[in-house]
Amino acid sequence: MRLTQREQRVLDELYVWENKLYDYEPNDLQLAYDRYLERTFSSLPVEIQERFFTLLDSWLFHLHSFIQGSQLQNDAKERILSAGRVYNPDLETMEELKKLPIEQLEFIARQQIARHRLYSFVQGGISGSGGNLVLGVDMPAMAVINLRIVQLIAMTYGYEVNTPFEMMVALKVFHTSTMPSRMQSAGWEELKNDLDQAEDFYFYQGSDDFTNSTWLEQPIKQIFKGMAILMFRKKHVQGMPILSMAIGAGANYQLTRRVTDFSDKFYQMRYFKEKGAW
């Protein structure tokens, strides 16, 4: 089909981004770290490994379901529809958002993205300035913020996340977006294969195991961030722990930036795939 000039530009940018994803080459330090992490975790009994990742998968799945069914998310859904009706007053459902031009969907998505990057930044600053309790809830809070924005980006591009297929796809998008850059291309390929193999886009037929030892790097980074905050929290500038607040805010912002960039590109790809342009 024939694309508009703006659609072609977005599609070209998407291809450039995908090529960078495939062309990324890890350095020797990253490879050594991967081997160390895999060797360390593989030293545990297989039953413990399987139990750990099953519990982690289950926790993420239930957290995703809780966020998706919350009133806060329903309100956000209505705001997205209202934003879409600015361009097309006849919009009734989320799926009808797909009728909007890509530049209008991009604008609505960027509003959601900017808001949640700010949430992450503030959450990181709070975790860097508060006590142990505030720091302890930082990781669950970041999981909520980032899972929520993946859902909102999906809805912006017209994909409800209340079916088995869309729920699993959104969880895999979240999982892949938080993986190290050197491993994201494999996750991107798996997501594209899920779309290619889907029959009715309602029931999910792929593997429902999405966390493994390769994903542990991000939680470990969060733990190191917490250690750095504890180390510098007592160093005050004009009565404020500026350094620890900066560490928390910067780390959380960068994480949400990675999640939102990847999620936005994935759902743009689905937009073009449905148009027959991908």
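## A buried tyrosine

Tyrosine 267 counts as buried, because its relative accessibility is 0% and the cut-off for that label is under 20%. Keep in mind that this is a predicted model. Right beside it in the sequence, phenylalanine 266 is also buried, with a relative accessible area of 0%.

## Rings around tyrosine 267

Let's turn to the aromatic contacts. The structure holds twelve aromatic pairs. In one of them, tyrosine 159 and tyrosine 267 meet in a tilted arrangement, with 5.8 Å centre to centre and 40° between the planes. Tyrosine 159 belongs to the loop between α7 (138-156) and α8 (164-177), while tyrosine 267 belongs to helix α11, so this pair ties together parts that are 108 residues apart in sequence. Both of these tyrosines, 159 and 267, are buried.

Tyrosine 267 also pairs with phenylalanine 266, this time edge-to-face: the centres are 4.9 Å apart and the planes stand at 85°. One aromatic cluster takes in Tyr159, Phe266 and Tyr267 along with Trp17, Trp188 and Phe262. Tyrosine 159 has a charged partner as well: the charged end of arginine 270 sits over its ring, 3.9 Å from the centre.

## Helix α11 and its partner α5

How do α5 and α11 lie against each other? The axes of helix α5 (residues 102-129) and helix α11 (residues 242-274) come within 7 Å and cross at roughly 160°. An angle over 145 degrees counts as roughly antiparallel, which means α5 is roughly antiparallel to α11. The crossing of α5 past α11 is right-handed. In the contact between α5 and α11, nine residues are nonpolar, 14 are polar and five are charged.

How values were computed:
Residues are numbered from 1 along each chain as its sequence is written. This is a predicted model: local features need pLDDT of at least 70, side-chain atom pairs count only at pLDDT 80 or more; totals for chains, interfaces and linings use all residues. Side-chain values use heavy atoms; hydrogens and water are left out. Axes are lines fitted to C-alpha atoms, for helices over the stretch in contact, and angles run from 0 to 180 degrees between N-to-C directions. Helices (H or I, at least four residues) and strands (E, at least two) are DSSP runs, numbered from the N terminus. Angles under 35 degrees count as roughly parallel, over 145 as roughly antiparallel, 65 to 115 as roughly perpendicular and the rest as oblique. A crossing is left-handed if the near helix is turned anticlockwise from the far one by less than a right angle, and right-handed if clockwise. Ala, Val, Leu, Ile, Met, Phe, Trp, Tyr, Cys and Pro count as nonpolar, Asp, Glu, Lys and Arg as charged, and the others, Gly among them, as polar. Rings of Phe, Tyr and Trp (its six-membered ring) pair if their centres lie within 6.5 Å; planes under 30 degrees apart count as stacked, over 60 as edge-to-face and the rest as tilted. Buried means under 20% relative accessible area, exposed over 50%, partly exposed in between (1.4 Å probe, protein chains only). A charge sits over a ring if NZ of Lys or CZ of Arg is within 6 Å of the ring centre and within 35 degrees of the ring normal.
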